[in-house]
Structures are given as C-alpha cells and as structure tokens.
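Q: Please take a close look at the cysteines in this structure, and then set them beside its charged side chains. I would like a connected account rather than a list.

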Amino acid sequence: WPNDNESVNIKAFFWCNERRIRQLAAFQPEILEWADEGLIKVTDGDTHDTGRIKRDLRDIILKYGVIGMVHDPFYCDEIVNFLRDGEMDRDDRWIYEPVLTSDQIVRMNQQKSTQTGPTTFFEEDVINKKLRHESNLVLDWQFSHATIGQDQRGSIVIQKENRESFRTVDGCQASVMARFGILDY
C-alpha cells in the first residue's frame, strides 16, 4: 500500500453497444441515463466497436498516466496488441504509437483457480475501506448484485447471479483484476 492511511481509487470506464444498452434498459432503465451522462460509452450497432475501445483506452492511458494493464485474453488480445505495438500505416509511419510495454501488461484468466487470491484480497480491502471509487453509478449498481461463486475446492470468483441475468458484474471483475495488478503483481 502507498500508506496505511491511504486508499486506492478505482476509476471505472464502461463500453456497451446500442443493442445491448436497449436490452439492459428494459430491466434497468437508469442505464440510459448513465449512458447519457457518459458513464457508459455507447458504441454503434449490435457488436462492440473494438476500434473505438482501443482508441479510447489509448487516450485514457495517456490522460491518467496508467502504469499497467491486467486483462483476460478472451476477446482482449487485439486491444492489448494495439496498446503494446501501436499501429503503422503502409509506409511505416505511426498512426498510433505504443502506450504500454510488455512488462506493463499482465494476462489473467477469469477463472476460479486464478481469481481466488485476488478476490479474497479485494474483499479484505473493501472491508478495511482501502478501496474507493468516484461514486460511479454503474459500478455501484454492479457491486450491489455481485455474488461470490465457490467451487468444491474453495476457489472463488465474482460472478453475476446467473448466466441469463441482465445484472452485469464486468466492472467488479475488472476492479479485482486491476487491484491485483497494482498491488500484488
């Protein structure tokens, strides 16, 4: 920890495509307000706009001086490669220069076997009031219904109530992974 009296601030960013926002709003109408307020960046269409997410993340890394990134490789390799390698045009001129090095990137699968320690430490830090966030309504909503799943071996992971649920917990899981990357890795 930086200091026993200090806490770590979680800065959350969310993206969602238009179709999924409409689906979620049928169950959680506030989602439309959160999108209007910029708490959720809405991408066009019915799939995630990886190009926009890559560019937005690059801007976030530069704006906030991000020191590293923890990611689940499932669906994320293209984004990580862009942030680490940048992008050049056909004449080998930079369109986007790299903003992270391989040493700043931690790969972490979201499985009970890899999440037990990070989830346990995260929970301890919440209890000890060492984690905070900027009153992000999306993150508040997600943590309000997140559950801990445990297998027969005692391994745990944050999860949503069931696979079909509209109550997402992606921000919760990302927070656990980020806390691990900053403080334990």
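A: In this predicted model, Cys16 is buried, with a relative accessible area of 9%. The sulfur of Cys16 lies 15 Å from the closest cysteine sulfur, which belongs to Cys172, and this is too far for a bond. Seen from the other side, Cys172 is in no disulfide either, since the nearest cysteine sulfur, that of Cys16, is 15 Å away. A disulfide calls for two cysteine sulfur atoms within 2.5 Å, and by this rule the count comes to zero disulfides. Cys172 is likewise buried, with a relative accessible area of 0%.

Turning to the charged side chains, the count of salt bridges comes to nine. One of them joins Arg179 to Asp125, with a nitrogen-to-oxygen distance of 2.5 Å. This pair links distant parts of the chain, for Arg179 sits in helix α7, which covers residues 170-183, while Asp125 sits in helix α5, which covers residues 112-127, and the two partners are 54 residues apart. Both ends of this salt bridge fall under the 20% limit for a buried residue: Arg179 has a relative accessible area of 7%, and Asp125 has one of 5%.

Another group of charges is centred on Arg93, whose side chain meets that of Asp89 in a salt bridge at 3.1 Å, N to O. The side chain of Arg93 also meets that of Asp91 in a salt bridge, again at 3.1 Å, N to O. Asp89, Asp91 and Arg93 are therefore linked in a network of salt bridges, given that each contact is within the 4 Å cut-off. The two acidic partners can be described by their accessibility as well: Asp89 is partly exposed, with a relative accessible area of 24%, whereas Asp91 counts as exposed at 54% relative accessibility.

Acidic residues also appear in a further setting, a negative surface patch formed by Glu30, Glu33, Asp36 and Glu37. Within this patch, Glu33 can be placed in helix α2, which covers residues 30-36. Glu33 is partly exposed, with a relative accessible area of 46%, and so it passes the requirement of over 30% that applies to members of a patch.

Conventions: Residues numbered from 1 in each chain as written. Predicted model: local features only at pLDDT ≥ 70, side-chain atom pairs only at ≥ 80, totals over all residues. Heavy atoms only, no water. Patch = residues over 30% accessible without salt bridge, like charges linked within 9 Å, V, L, I, M, F, W, Y side chains within 5 Å. Areas by Shrake-Rupley, 256 points an atom, 1.4 Å probe, with all protein chains shown as cover. Lys, Arg positive; Asp, Glu negative; His and termini not counted. Charge placed at Lys NZ, Arg CZ, Asp CG, Glu CD. Helix = DSSP H or I, 4+ residues; strand = E, 2+ residues; numbered from the N terminus. Buried < 20%, exposed > 50% of the residue type's maximum accessible area, 1.4 Å probe, protein only.
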